[in-house]
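Please open the model in the viewer and follow the stops below in order. Each stop names a selection and then describes what is found there.

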Amino acid sequence: MMERSLNERKLDFDENYKRVLDQIEQAALRSGRRPQDVTLLAATKTVPVELINYGISRGLAQIGENRVQELLDKYDALDREHCQVQFIGQLQTNKVKYLTGR
């Protein structure tokens, strides 16, 4: 199977992001909530930093990574000024020191 190019993945992101935001809006309204009160946190496991930053430029405000080493590899290159970065999932005690202060 051929890997998709970054440009193709950006097009996929645009399409999927719009669809997800529409679904969030519909679900929020059905439940009597305001769509802006719902937080979308995008899991970025195995996603290249260039695509993550593209998503941030398109409005993605929260991302989550569940592998310490992958988060550390991406951290400095992420557009953290425009997006909040979270560690999601279980964290092994011996890995806490790598995330402290980040």
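With which side chain does the side chain of Lys-74 make a polar contact? Select Lys-74 and Glu-65: their side chains make a polar contact at 3.0 Å, that is, a pair of N or O atoms within 3.5 Å, where within protein one must be able to donate a hydrogen and the other to accept it, and residues adjacent in sequence count only if both atoms are side-chain atoms.

The model is predicted, with local features needing pLDDT of at least 70 and side-chain atom pairs pLDDT 80 or more, while totals for chains, interfaces and linings use all residues. Residues are numbered from 1 along each chain as its sequence is written, and side-chain values use heavy atoms, without hydrogens and water.

**Stop 1: the surroundings of Lys-74**

Keep Lys-74 selected; this residue lies in helix α3, residues 68-75. Helices (H or I, at least four residues) and strands (E, at least two) are DSSP runs numbered from the N terminus. Lys-74 counts as buried because its relative accessibility is 9%; buried means under 20% relative accessible area, exposed over 50% and partly exposed in between, with a 1.4 Å probe and protein chains only. Next add Val-47, whose backbone oxygen is 2.8 Å from a polar atom of the Lys-74 side chain. Leaving aside residues up to four places away in sequence, Lys-74 touches Thr-44, Thr-46, Val-47, Val-49, Ile-52 and Glu-65, where contact means heavy atoms within 4.5 Å.

**Stop 2: the sheet**

Now display the strands, which form an open, parallel sheet of three in the order β1-β2-β3. Strands β1 (42-43) and β3 (84-87) are at the edges with a single partner strand each, so one side of each has no neighbour in the sheet. Two strands pair if DSSP finds at least two bridges between them; β2 (residues 62-65) is joined to β3 by four bridges. Select Gly-64 to find one bridge partner in β3, Gln-86.

**Stop 3: helices α1 and α2**

Select α1 (residues 6-30) and α2 (residues 49-57), whose axes come within 10 Å and cross at roughly 35°. Axes are lines fitted to C-alpha atoms, for helices over the stretch in contact, with angles from 0 to 180 degrees between N-to-C directions. Leu-6, Arg-9, Lys-10, Phe-13 and Asp-14 of α1 meet Glu-50, Leu-51, Tyr-54 and Gly-55 of α2.

**Stop 4: Asp-12**

Finally, select Asp-12 in helix α1, which counts as partly exposed at 30% relative accessibility. From Asp-12 to Gln-86 the C-alpha to C-alpha distance is 23 Å, with their positions 74 residues apart in sequence.
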